[in-house]
Amino acid sequence: MKRIKSIFNALMRLSAISPVMLLSLLPAGCRDVSNSDLTPLERTLSDSILKGRYVWALATIERERPLTVDSDSYYNQTLLKAITEFYLSRTDSMYTDLAAVHRYLGNLPGPLTSRQRHLAARAHMVRGASYMQYDYLPDTALISYGRALDYLAPGQDPALRQQILTNTADALKISGQLDRSLDYFERARHLSDSLGDTPWERLSLSLGMAAAYTELRDFESQEPIWQEIESIWDELPVHDRFSYLTALSNSCYFNGDYKGSERALTRLDSVLAGDKAMEWERNFNRVNLADVYLRLGATDTARILLDHTLHYFNDIQPNPYVSHYIGTLYTRYNVQTGAYAKVESQLADTSRDIPTRPEQRLADLEMRQDYYAHTGQWHKAYIAQSQYRALDDSLRNQRVQMYNRTLRQRYERDAEIKSLRNDLHERQQKLTLNTILTISAIIVVVLLGVVLVMSRRLSRERERGMRRKLLEQRMQSARNRLSPHFIYNILNHALVNDATSTYRLRRLVRLLRRQQLMADELVTTLADELTFIDDYVTLQSESSRGEVKYTTTIAEGINPVDVHLPSMTLQLCVENAFKHGFASLPNGVERLLLIKVKAPRDDIVIEVCNNMNPDAAPSNDSTRTGLRIIMTTLQILNEHQSNHITYNLEQWTENPQHAGYMARLTIPQNFKFDYL
């Protein structure tokens, strides 16, 4: 035991274990930055909301909206009301108003006008912000932000486009896609520069970039951002002060400066004191403050804050994400105060789910390793520490940091070139019309332009190659697996049934060998994919609770050997059918699995259909990993293609249960798979 303890203590001294603080749930913003398509009254309301005059804005809307004759203006005011309710945390009425706006736009005949498209874009942006703020659904928020961008015409309202790009970057950052997040942040920054935004106008963008630097532990790059925001502190409304101080405290926390984090959070608590409209934010801030007090050893103060906030997030404004983290902090409190019996009870509580979000999982593992170390359970402490380090390393991938440095260097290079061009323009205004100097200046400008174009072209190619490599490696890691439970079930059946064990094991070996080959390729043939699925369905059906009726229909004239498609795309659909569709059906009910291949208009259309229980609740363990793998694969294959492969998931009711799903993959004629 002494040997194990000495090894563990040595590892603890060598390890730079990062703390895990509850990150801010606020999105980059839902502020209505656009004024171009608003009436004077609507502009006044929008400006008042930005300045935090929520009560006045609501009263004005309630008074003026019934008098509004124009329908577009009526629903513009309804959207402004929803934005105000967003900041007041009135989620029920906010979603009701957003639904009214969407119904109005959906019932309009013919194509939408420019003003209506502008309204639709803003409505989807607000909905995406609400998904981030109150539901913590970054993937769902990304869908809303994508729709918002789709509604904006090219060149329409660049300020609104810049805000949507910033929100999209923030959602990508929270979902862990730092490479795409930084790409969207850069696009938003270029728009902000072209608009000549002031520090206050690009506040949400600055905070988003600062949060990304925190994720990458690049604290030095944050300093100019903090200085810029402090310079406009007096201009900031309360919700922006909340976002800024929360981001600042997170930066100090992850840098190990707990005193600095405490100062920021205490300052924020004073800002929010007495503001009933910011009650949610103040309680959220106190959860973070309790975490910091535990880090500083102020356990009594931390316990008071935990008791208060647990009541708020359980009973007044329920939020499972925050409540779960408060539970982890309670456990840490019990570890620090020596209440080990309570800790054992909490760890043994089977109703307590293992956290799935990375930051929660890190906090849970850190708490466990501290507890096991305090109680001398060195083997368990070593396991918890190893899991912590593996997860933490994966979240701070070195290649992502390299990509971030490349983007920062490109930003500095572009800024330097822009400065040179401005200096040249100023000199030209002051110089005489001397011919020699004029010709020299033109030559310099032309050369700078050529260097700029070539530099940007090379940078884009390098960025595209790095992003592609990151995506392919992440895809290969996710695709190069079969469920361990599936393999264990087959082996168990083989051991129990001696008569068919050789047959099962041979088929399983063939399946695993083929799966290993297919996981290394982006593209395969339909014949190979169907052969793989035949083996998979045969083995999976033998452990199913009901008969599986599996049929494949291929239209006349289609040769599976000549049809190419993204590798393992159909297999992921079949796997989801067993995992989510068939699992919902009672024992004995026939499972239907249909694969149809047809060629309307010379395109190849492949449909995978399965039935399910119509009363089945959504699967709690669904991570939508399969869907992300498929969409990421299609993104790579469709790049630089004129016609794109599309994937749709629809309801399928042509079965006895009148419930199920149909996944449709459409491959255009003459799609250039050999382009890769």
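These are my notebook entries on a helix pair, a sheet with its covering helices, and two single residues in a predicted model.

**Entry 1: the pair α13 and α14**

I began with helix α13, residues 258-272, and helix α14, residues 279-296, and found that they pack at an angle of about 155° with their axes 9 Å apart. Angles over 145 degrees count as roughly antiparallel, and α13 and α14 are therefore roughly antiparallel to each other. I also looked up the handedness, and the crossing in which α13 passes α14 is left-handed.

I then listed who meets whom: on the α13 side the contact includes Tyr-258, Leu-265, Leu-268 and Leu-272, while the α14 side includes Leu-289, Val-292, Tyr-293 and Leu-296. Charged residues take part as well, among them Lys-259, Glu-262 and Asp-269 from α13 and Glu-281, Arg-282, Arg-286 and Arg-295 from α14. Sorted by class, the residues of this contact divide into eight nonpolar, four polar and seven charged.

**Entry 2: the sheet**

Next I traced the sheet, which is open and is formed by five strands in the order β2-β4-β5-β7-β6, with mixed pairing. I noted that β2 (548-554) and β6 (646-651) stand at the edges and have a single partner strand each, so one side of each is left without a neighbour in the sheet. From one strand to the next the twist averages 10°.

Within the sheet I followed one pairing more closely: strand β4, residues 591-598, runs antiparallel to strand β5, residues 604-611, and six bridges join them. Here Leu-594 stands opposite Cys-609 in β5.

**Entry 3: helices on the sheet**

I looked up which helices cover these strands. Helix α24, residues 526-541, lies across β2, β4 and β5, and runs at about 170° to β2. Helix α26, residues 625-638, also packs on the sheet, where it touches β6 and β7 (660-667), and its direction makes about 150° with that of β6.

**Entry 4: one residue from each covering helix**

From α24 I picked Thr-531, and I wanted to know whether Thr-531 is buried or partly exposed. Its relative accessible area is 31%, which places Thr-531 among the partly exposed residues. I also checked Thr-531 against Leu-511: the two are 20 residues apart in sequence and 9.1 Å apart in space, C-alpha to C-alpha.

From α26 I picked Asn-638, which has a relative accessible area of 11% and is buried. Leaving aside neighbours within four places in sequence, I found Asn-638 in contact with Asn-643, His-644, Ile-645 and Phe-671.

Key
Residues are numbered from 1 along each chain as its sequence is written. This is a predicted model: local features need pLDDT of at least 70, side-chain atom pairs count only at pLDDT 80 or more; totals for chains, interfaces and linings use all residues. Side-chain values use heavy atoms; hydrogens and water are left out. Axes are lines fitted to C-alpha atoms, for helices over the stretch in contact, and angles run from 0 to 180 degrees between N-to-C directions. Helices (H or I, at least four residues) and strands (E, at least two) are DSSP runs, numbered from the N terminus. Angles under 35 degrees count as roughly parallel, over 145 as roughly antiparallel, 65 to 115 as roughly perpendicular and the rest as oblique. A crossing is left-handed if the near helix is turned anticlockwise from the far one by less than a right angle, and right-handed if clockwise. Contact means heavy atoms within 4.5 Å. Two strands pair if DSSP finds at least two bridges between them. Buried means under 20% relative accessible area, exposed over 50%, partly exposed in between (1.4 Å probe, protein chains only).
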